[in-house]
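Biologist: Could you take me through this model and explain, term by term, what makes each description apply?

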Amino acid sequence: MKERDFETFEKINIKKKIVLALCGALIGFVNGFFGGGGGMICVPLLEGVLGFKNKVAHATTLLVIFPISLVSAAVYLLNGDLEFLSFATTATGVVVGGIFGAFALKVLPEKIVRILFVGLMIYGGIRLMI
Amino acid sequence: MQWIWFVLAGIMGGFFGGMGMGGGTLLIPILSIFLGVEQKLCQGLNLMSFLVMAIISILIHHKNGLLKIRNTQIIIIFGVIFAIFGSVLMTFLPSKILKFCFGIFLCLLSAFEFVKVFKK
């Protein structure tokens, strides 16, 4: 229902605009401060407030995060928090892994992978805190 | 041969990213915990790797007609302004504090994701 409402009334009210601005500020701050993670706030925002379908929300999130990450990366670069060799190797890995992931999406059960993902995040979160 | 670990870390983060889950939120802790890379460097690496991957993904999504720019401009404008604010603030903090904050952020995100997985 929500999706159809959005298709017919593309104009959004002021309340939604304020929510988008506030969440945008949060996404930008988090993504700059932590060097990532903004997308995980952006996807539910696009789905919930703008009624985007899941796939469209995921795809558009990349477009939203891109300029945000670009300015953040510029600040990191100016501050000297980058190293060429580790960047080249990590980025190569990310591209290869990303292609694998995109194909795996059709084969692997998403729910199980998502549970694994959450498990890894909790482990990482606790290890970084202690 | 240490570079091979960076490739492997990238593959792991990219894999989840490619499946539509937060790739960066995993790549940063992998680099930080397992490879012992300084937190700020991990964050910079993630940002840059994201940019490379995103260019490819955005082009593919555009071809498949999955991008919808309308009404997202507000998010982008405020996002960019606060991204500068966030990343400049980051430069003043020691990696140890950043690590702790990132740990809290990850726990919050996983709690949120946990609820989402079981609600579906």
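Biologist: Which residues on the other side of H6(A) are exposed, and what makes them so?

Modeller: They are A:Ile112 and A:Gly119; a residue is called exposed if 12 or fewer other C-beta atoms lie within 10 Å of its own, buried if 20 or more do, and partly exposed in between, with C-beta atoms placed from the backbone. This is a predicted model, in which local features need pLDDT of at least 70 and side-chain atom pairs count only at pLDDT 80 or more, while totals for chains, interfaces and linings use all residues. Residues are numbered from 1 along each chain as its sequence is written, and chains are lettered from A and ligands numbered from 1 in the order in which they are written.

Biologist: Which residues of H6(A) are buried?

Modeller: The buried residues of this helix are A:Phe117, A:Val118, A:Met121, A:Gly124, A:Gly125 and A:Leu128.

Biologist: Why are they said to line one face of the helix?

Modeller: Seen down the axis of H6(A), they fall within an arc of 130°, so they line one face; the arc is that of the directions from the helix axis to the C-beta atoms.

Biologist: What covers the buried residues of H6(A)?

Modeller: The cover includes helix H1 (3-18), helix H2 (23-34) and helix H5 (95-119) of chain B.

Biologist: What makes H6 of chain A a helix, and how does its reach compare with the expected span?

Modeller: Helices are DSSP runs of H or I with at least four residues, strands are runs of E with at least two, and both are numbered from the N terminus. H6 (residues 110-129) has 20 residues. The expected span is 1.5 Å times one less than the number of residues, and H6 of chain A reaches 28 Å from its first C-alpha to its last, close to the 28 Å expected.

Biologist: How many helices and strands does chain A have?

Modeller: Chain A comes to six helices and zero strands, and 44% of its 130 residues count as buried.

Biologist: How many residues does each chain give to the contact, and what makes two residues count as touching?

Modeller: Two residues are in contact if their C-beta atoms, placed from the backbone, lie within 7 Å, and the contact takes 79 residues from chain A and 82 residues from chain B. The side of chain A that touches chain B divides into 48 nonpolar, 23 polar and eight charged residues, where Ala, Val, Leu, Ile, Met, Phe, Trp, Tyr, Cys and Pro count as nonpolar, Asp, Glu, Lys and Arg as charged, and the others, Gly among them, as polar.

Biologist: Which residues does A:Ile27 touch?

Modeller: Not counting residues up to four places away in sequence, A:Ile27 touches A:Gly38, A:Ile41, A:Cys42, A:Ile68, B:Ile75 and B:Gly79.
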